[in-house]
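Dear colleague,

I am handing over the structure we spoke about, and you will find the sequence and the coordinates directly below. After them I have set out what was found, in the order in which I would read it myself.

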Amino acid sequence: SSKIRNLEVQSADHVAVLEDCVDFSLGKTISKIEEKLERGGLPDCLDDDTIPSVGNEIGAEAQIRFLKAKLRVMQEELDSVVCECKKKDDENQNLKSRLKDTEEENTRLQRTISMQHSQTEKYKMLSQEANKKSEGLQQEVIALEKVLQ
């Protein structure tokens with residue numbers, strides 16, 4: 001039983017890898033299991049928790065049907081997880097695209113802010129020059145009014 005669990009742990013490394021699942025076929029897997037059973041009978045691993053404790057009391061064909069059903073359920077779960085992974089990948093790509101668009105918009109807005117800031121500085125300088133000129137002209141008007149009086 002402990003050897004079986006170690007084997008399950010070692011083979012579990014290959015279960016979640018998407019590349020390994022590309023050529024996965026439920027029919028092929030079932031055929032391989034059936035071939036192994038025909039060649040060597042039932043495996044010695046009936047002690048593990050794959051088949052419930054009643055498994056020892058049912059026949060080989062019933063155990064095979066049980067294992068096939070369990071395999072189908074696991075395949076459906078795998079398909080569901082792969083589908084969910086694809087959806088998450090699509091969502092991730094969408095979010096990356098939105099992030100890129102947002103960053104471009106941010107860059108554009110930063111340039112606009114910079115341009116507006118420089119224009120503001122330019123207009124402040126023009127305003128100060130106009131104020132100085134206005135003060136100078138007001139001084140001249142005052143001087144001319146004194147001359148006229």
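To begin with a single residue: is Ile30 buried or exposed, and what is its relative accessible area? Ile30 has a relative accessible area of 12%, and because this is under 20% the residue counts as buried. Please keep in mind, here and throughout, that the model is a predicted one.

The residue belongs to helix 3, and, if its neighbours within four places in sequence are left aside, Ile30 is in contact with Lys68, Leu71 and Arg72. Between the C-alpha atoms of Ile30 and Leu67, which stand 37 residues apart along the chain, the separation is 9.2 Å.

Ile30 also takes part in the lining of the largest cavity, together with Ile33, Leu37, Ile64, Leu67 and Lys68. The elements that each contribute two or more residues to that lining are helix 3 (26–40) and helix 4. By character, the lining residues comprise 5 nonpolar, no polar and 1 charged. The space inside this cavity comes to about 40 Å³, and the structure holds 1 cavity of 30 Å³ or more.

A second residue that I would point out is Gln75, which is located in helix 4. With a relative accessible area of 13%, Gln75 is likewise buried, because the value falls under 20%. Its side chain is joined to the side chain of Asp79 by a polar contact of 2.8 Å.

As for the overall arrangement, the protein has 4 helices and 0 strands, so that the pattern read along the sequence is α-α-α-α. Of the 149 residues in the protein, buried ones make up 7%. Among the contacts with a separation of 6 or more, 51% are accounted for by residues 24 or more positions apart.

Finally, a word on confidence, which should govern how far each part of the model is read. The mean pLDDT of the protein is 79, with 70% of the residues reaching 70 or more. Among the elements, helix 4 (residues 60–148) has the highest mean pLDDT, at 94, whereas helix 1 (residues 2–12) has the lowest, at 43. Over residues 1–22 the pLDDT is below 50, and this stretch has 9 contacts in the model beyond near neighbours in sequence.

With best regards

Notes: Residues are numbered from 1 along each chain as its sequence is written. This is a predicted model: local features need pLDDT of at least 70, side-chain atom pairs count only at pLDDT 80 or more; totals for chains, interfaces and linings use all residues. Side-chain values use heavy atoms; hydrogens and water are left out. pLDDT is the predictor's confidence in each residue, from 0 to 100. Contact means heavy atoms within 4.5 Å. On a 1 Å grid over the protein atoms alone, a cavity is a set of points where a 1.4 Å probe fits but cannot get out, and a pocket is an open set with protein on both sides within 12 Å along at least five of seven lines; lining residues have an atom within 4 Å of a point. Grid points are joined across faces, edges and corners, and a volume is the space filled by probe spheres set on the points. Ala, Val, Leu, Ile, Met, Phe, Trp, Tyr, Cys and Pro count as nonpolar, Asp, Glu, Lys and Arg as charged, and the others, Gly among them, as polar. Buried means under 20% relative accessible area, exposed over 50%, partly exposed in between (1.4 Å probe, protein chains only). A polar contact is a pair of N or O atoms within 3.5 Å; within protein, one must be able to donate a hydrogen and the other to accept it, and residues adjacent in sequence count only if both atoms are side-chain atoms.
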